[in-house]
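Dear colleague,

Please find the structure below, which I am handing over to you for your further consideration. My findings follow it.

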Amino acid sequence: MKLEGKVAIVTGAGGAGVGGLGVVYARALAAEGAAVVVSDIDGEAANRTAADIAASGAQAIGVRCDVADEYDIEAMVQAATDAFGGVDILVNNAGLARGKWSDALPLSKDEWLEILAVNTVAPIMCAKACAASMRSRGGGVVVNQSSNGALMDAGAYTVSKLALNGVTRVLADEFADDNIRVNGIAPGMMTAKLPEQQVQTLLARQTVRRQGQPEDLVGLLLFLCSEESSFMNGQTVVIDGGMARSPKN
Ligand SMILES: NC(=O)c1ccc[n+]([C@@H]2O[C@H](COP(=O)([O-])OP(=O)(O)OC[C@H]3O[C@@H](n4cnc5c(N)ncnc54)[C@H](O)[C@@H]3O)[C@@H](O)[C@H]2O)c1
């Protein structure tokens with residue numbers, strides 16, 4: 001149990017979307033002994049996922065939190081403190097992906113501000129809100145969920161995730177004296193629920209000829225959240241079956 005006695009918050013972990021990476025992250029952290037705060041803008045989904053994890057014997061609570069709302073963020077951190085005594089690990093997983101976000105020019109200014117608020121600014125605000133508790137516990141870990149889309153051309157999504165990689169770097173620097181490390185994960189397409197034709201297109205773009213599954217990210221997540229990565233800071237690791245590095249992309 002790498003994370004026995006630790007408290008982790010995972011945002012966007014209710015499982016209300018189609019990717020469900022946050023749910024897999026929350027389950028994996030709990031399985032390593034962490035008490036988990038399952039946070040999501042969809043409070044019912046958060047509660048369902050938390051109840052599921054608790055049923056397996058782990059400690060978990062669900063919290064409704066829109067990561068674009070600073071009051072919600074404060075309440076989320078307070079809930080973690082009330083239930084488990086503080087926060088050691090923050091996984092900034094909530095993100096707006098797919099659909100219209102893959103364009104740039106068609107988006108209005110409000111839509112730009114919306115995606116940047118959730119994908120880029122919210123991770124800063126969540127980290128800031130957790131910092132005092134992490135400091136009082138001797139340090140902490142922040143993991144930002146980026147995307148290999150940061151390295152390709154996918155409209156506003158690319159811009160928001162490339163900027164998030166910058167957030168990871170600057171927060172690692174600004175938290176250096178607090179023993180709070182900040183790293184990122186940049187997944188490729190991680191889902192089994194794609195139509196066959198799309199699967200084939202995807203496989204042709206990857207250099208690993210199989211579909212990625214959310215579980216492929218778990219080893220890296222646990223490494224980044226544990227002492228095993230204690231000499232690593234400010235990095236975003238791409239884990240995408242070789243897609244972003246493929247000469248075809
Ligand atoms: N699934 C993939 O293949 C993939 C690949 C690369 C990166 N990512 C990134 O991983 C993260 C999760 O992706 P996913 O596919 O599991 O997403 P998803 O759409 O399946 O789930 C996202 C969750 O976040 C919640 N959410 C949305 N807006 C929110 C907000 N403002 N505040 C709090 N919660 C909010 C949703 O209710 C949902 O439960 C995102 O940051 C995404 O960009 C996903």
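The notes below concern one helix, the surroundings of the ligand and the nonpolar core.

The model is predicted: local features need pLDDT of at least 70, side-chain atom pairs count only at pLDDT 80 or more, and totals for chains, interfaces and linings use all residues. Residues are numbered from 1 along each chain as its sequence is written.

Helix α5 (a DSSP run of H or I, at least four residues, numbered from the N terminus) comprises the 20 residues 155-174. Its end C-alpha atoms are 29 Å apart, which agrees with the 28 Å expected at 1.5 Å a residue (1.5 Å times one less than the number of residues). Buried in α5 are Ala156, Tyr157, Ser160, Lys161, Leu164, Val167, Thr168 and Leu171 (20 or more other C-beta atoms within 10 Å of a residue's own; 12 or fewer for exposed; C-beta atoms placed from the backbone). These residues cover an arc of only 130 degrees around the axis, and therefore lie on the same side of α5 (the arc is taken from the directions from the axis to the C-beta atoms). The face turned away from that side carries the exposed Gly166, Val170 and Asp173.

The ligand is surrounded by 30 residues, the closest being Gly12, Ala16, Gly17, Gly19 and Gly95 (C-beta atom, placed from the backbone, within 6 Å).

The largest nonpolar core (buried Ala, Val, Leu, Ile, Met, Phe, Trp, Tyr and Cys joined through C-beta atoms within 7 Å) has 71 residues, of which Leu29 and Val36 touch the most other members. Its largest share, nine residues, comes from α4.

Yours sincerely

Key
Helix = DSSP H or I, 4+ residues; strand = E, 2+ residues; numbered from the N terminus.
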